[in-house]
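Here are my notes on this complex, set out as numbered points. Please read them with the model open.

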Amino acid sequence: MSDNSHTDAHNEPDYLRASTGIKSWLFSVDHKRIGVMYLIATTLFMMLGGLMALGIRLELFTASGDLIDADTYNRLFTLHGSVMVFLVIIPAAPAVIGNFVLPLMLGAKDVAFPRLNLASFHIYMIGAIFLIASMILGSFDTGWTFYTPYSSTTNGPVAWALTGVFILGFSSILTGLNFIVTIHKMRAPGMTWFRMPLLLWSLYATSAVQLLATPVLAITVLLLFLERLVGIGIFDPSLGGDPILFQHFFWFYSHPAVYIMILPAFGIISELVSVHSQRKIFGYKGIALSSISIAIVGSLVWGHHMFTSGQSIYANLVFSFLTFFVAIPTAIKVFSWVATLYRGNIQITPPMMYVFTFMALFMIGGLTGVTLGALSLDVHLHDTYFVVAHFHYVMMGGGILAYIAGLHHWWPKIFGRMYPQKLARITSITVFLSFNLTFFPMFIVGSRGMPRRYYEYVESFTWLNQLATVGAFFLGTSLFVTLGYLIWGAIRGPAADNNPWGALSLEWHTSSPPIEHNFHGQPTVDAGPYDYPEESSGTDSSSQWVPA
Amino acid sequence: MSEDSVERPAWVEPFFHSADQQRSAASLGMWLFLGQEILFFSGLFMAYIAYRWMYPDTWLAGADLLNKQLGALNTVVLLTSSLTMALAVRATELGEISKVIRHLWATIGLGVVFLVIKSVEYSHKIHEGMLPGFHFSSDGLENNGGLFFGIYFALTGLHALHVIIGLGLMGWLIARCKKGLVNEERYVLAENIGLYWHLVDLVWIFLFPMLYLVR
């Protein structure tokens, strides 16, 4: 399966060894190095956000507020949310896996604008510094949603956080722009749109949302900034402004941002489910086009965050209907994945374990989303722990775990070394169990009325909260072990084959790790990315790679 | 690759096959960038629409307080600058670089005139106390006049910022022209800066009637 003949002929150093020194990394325009730098940065921020989550769970171990005071608690959940959303989940899958894999999958030497790509990373780091500064400089406690009028009147260092989010937005816009142009203009000869691996379709949809929704967040935080600075009055009721307008503006970005987080996850799962069951993907066009339709319809559902904010009942009806509607293209994907597995040659590899984890958790997260989209139920469940449980099942159980699945899949390609398989399989099971132990009790306490963002609660919720706290520490430990064996694998692990999973797309047909310019010569393509042998047809699987 | 055998100019980046691929990538990138610019402005346009609907009388009275003559003059200035910019882009494609530089200087000059007129308008408004939000102290506009001028200053200020960035881009383009980095083969940068300038113009074409004229 690994036709290495064309790579062994040359003796070029791989991208990790092509040049040395810290500057050769920090100022590298190589998309692979930029991807690895994003990997390191997002991992550090994920640890920071995770520690804050553990602090929150520790406080909620008992019903009374005894460990930290209310203000500290407010700061903790604000920073946990801001760090995880803006610094981890939004950039993780597109900027780490997308950056590394996208040009390789297309058969290109780099993205269309490598210097802009490096600029995106530098802008991201500057934005991160501003956001973290708001944590050190005082009490930033508005929640990651920055709702007015509290955010425009409180004395905390909100302006620092707003500046950080504004800057981070530009990083996201430029990455999206770069990927769209790259997919349009840099495809290898023969790489038609419907021969592209499905990850690229989902990254295309993600990039479109990044490009078109993020500027609205930029103008929103800019207006909030001006509101604080000179009091322009747009969100201030005492000057005739309307705080609800802020919620419209904010969710016009931040709901589509949910799809920035989950669409790349869908793409990763589409790749993995086919490769690790050695079976042609079921419903290629359905999966590809459902990504586009999720991006379009998902941009029109922001009002479902505001069912109880005093929005008109007719607007509520439309937003509720559109929210239900998004379930259709999403279900097309899930059923296609299950149909791909049917009679497939399923390999119980670590990436596949995480694919199963994703499917179970995402189904729960997705279906409770439909529950929350129902107008009458939402009035009861709004701002309760039911919502917290729902979006953690989607964001973490869906987004982050699919990203971790992708890391396990492409790790041997990124570093040329393999992590311990058995340990990885065991950890994936403990992640699955502890995740449910952490977040499932939140559905129960939430449906019984426990509100979010309070540091105390009534006595009767104690044992369920204690389950969640115990689960959170198991989850943290499991993820820490995962990080440990992945780092060990990258440095000390056994050398990996060029194509350890028997995949057919282009990135597996260059060396592991790839050379600086990705391929020797120009790859050409004359087949789809999932042409595994049909059952009982006796044909061989045919790779996308056409030997020169 | 067949393109590899075709003659390949030295300025084509190593990760592109051909000059055409590089040019079309840069062009598409600029169009996408302009798309996100429109969405960036859209937030303020939506705020304008929402509050115009809530306070129609304030908006009508506010428009009357703005100086229509200066606004109209600025519209003419900016439209003319779009013409000189279009001439500069055309001259680039023909390779007439000294003409390009002349047209760019004319565009910069008109852009500066626009900013001067705008600052005259601003200083009048500030002088009369027509400031945003709670700084508003004019008697001329009742019922949330500060909100109208908040949106006025935010929209026109953001537009002026784009004009200033455009002037910087044109200065950079002139420097590249003088270094011989712009010619009939390498025209995309000029084209892209031209597109940006036309967008800045287009935003003003909407701002002027919305703020000054609509009854």
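1. Chain B reads α-α-α-α-α-α-α along its sequence. That is 7 helices and 0 strands. Its C-alpha atoms fill a box of roughly 70 × 35 × 25 Å along the principal axes. Keep in mind throughout that this is a predicted model.

2. How many residues does each chain bring to the contact between chain B and chain A? The count is 37 residues of chain B against 37 residues of chain A. The area buried between the two chains is about 3,000 Å². Carbon and sulfur atoms give 75% of that area.

3. Next, the polar side of the interface. The rule finds 1 salt bridge across the interface of chain B and chain A. Which side chains form the salt bridge? They are those of A:Arg115 and B:Glu13, at 3.1 Å from N to O. This pair counts as a salt bridge because the nitrogen-to-oxygen distance is within 4 Å. The rule also finds 5 residue pairs in polar contact across the interface, with both residues of a pair at pLDDT 80 or more.

4. Which elements of chain B give two or more residues to the side that touches chain A? They are helix H2 (19–54) and helix H6 (145–178) of chain B. H2(B) supplies the largest share, 20 residues. By class, this side of chain B has 23 nonpolar, 13 polar and 1 charged residues.

5. Chain A carries a nonpolar surface patch of about 410 Å². A:Ile40, A:Leu44, A:Met47 and A:Phe480 make the patch. Helix H3 of chain A (residues 31–59) gives the largest share of the patch, 3 residues. A:Met47 is placed in helix H3 of chain A.

6. Two peptide bonds in chain A deserve a check of omega. Most peptide bonds are trans. The bond from A:Thr148 to A:Pro149 is cis, with omega near 0°. A:Pro149 is in the loop between helix H5 (114–136) and helix H6 (150–153) of chain A. The bond from A:Ser512 to A:Pro513 is also cis, with omega near -10°. A:Pro513 lies in the segment after helix H16 (462–492) of chain A.

7. One backbone phi should be looked at too. Most residues other than glycine have a negative phi. What is the sign of phi at A:Asp383, positive or negative? Phi of A:Asp383 is positive, near 60°, and the residue is not a glycine. A:Asp383 sits in the loop between helix H13 (375–381) and helix H14 (385–415) of chain A.

8. Last, a contact between residues far apart in sequence. Where does A:Ile68 lie? A:Ile68 is in the loop between H3 and helix H4 (70–106) of chain A. Leaving out residues up to four places away in sequence, A:Ile68 touches A:Glu59, A:Tyr73, A:Leu76 and A:Tyr455. A:Ile68 and A:Tyr455 are 387 residues apart along the chain. Their C-alpha atoms are separated by 8.7 Å.

Note on methods: Residues are numbered from 1 along each chain as its sequence is written. Chains are lettered from A and ligands numbered from 1 in the order in which they are written. Side-chain values use heavy atoms; hydrogens and water are left out. Contact means heavy atoms within 4.5 Å. Buried area is the accessible area (1.4 Å probe) that two parts lose on being put together, summed over both. A polar contact is a pair of N or O atoms within 3.5 Å; within protein, one must be able to donate a hydrogen and the other to accept it, and residues adjacent in sequence count only if both atoms are side-chain atoms. Helices (H or I, at least four residues) and strands (E, at least two) are DSSP runs, numbered from the N terminus. Ala, Val, Leu, Ile, Met, Phe, Trp, Tyr, Cys and Pro count as nonpolar, Asp, Glu, Lys and Arg as charged, and the others, Gly among them, as polar. Patches are made of residues with over 30% relative accessible area and no salt bridge: like charges are joined within 9 Å, nonpolar side chains (Val, Leu, Ile, Met, Phe, Trp, Tyr) within 5 Å. Accessible areas come from the Shrake-Rupley method with a 1.4 Å probe; for residues, only the protein chains shown count as cover.
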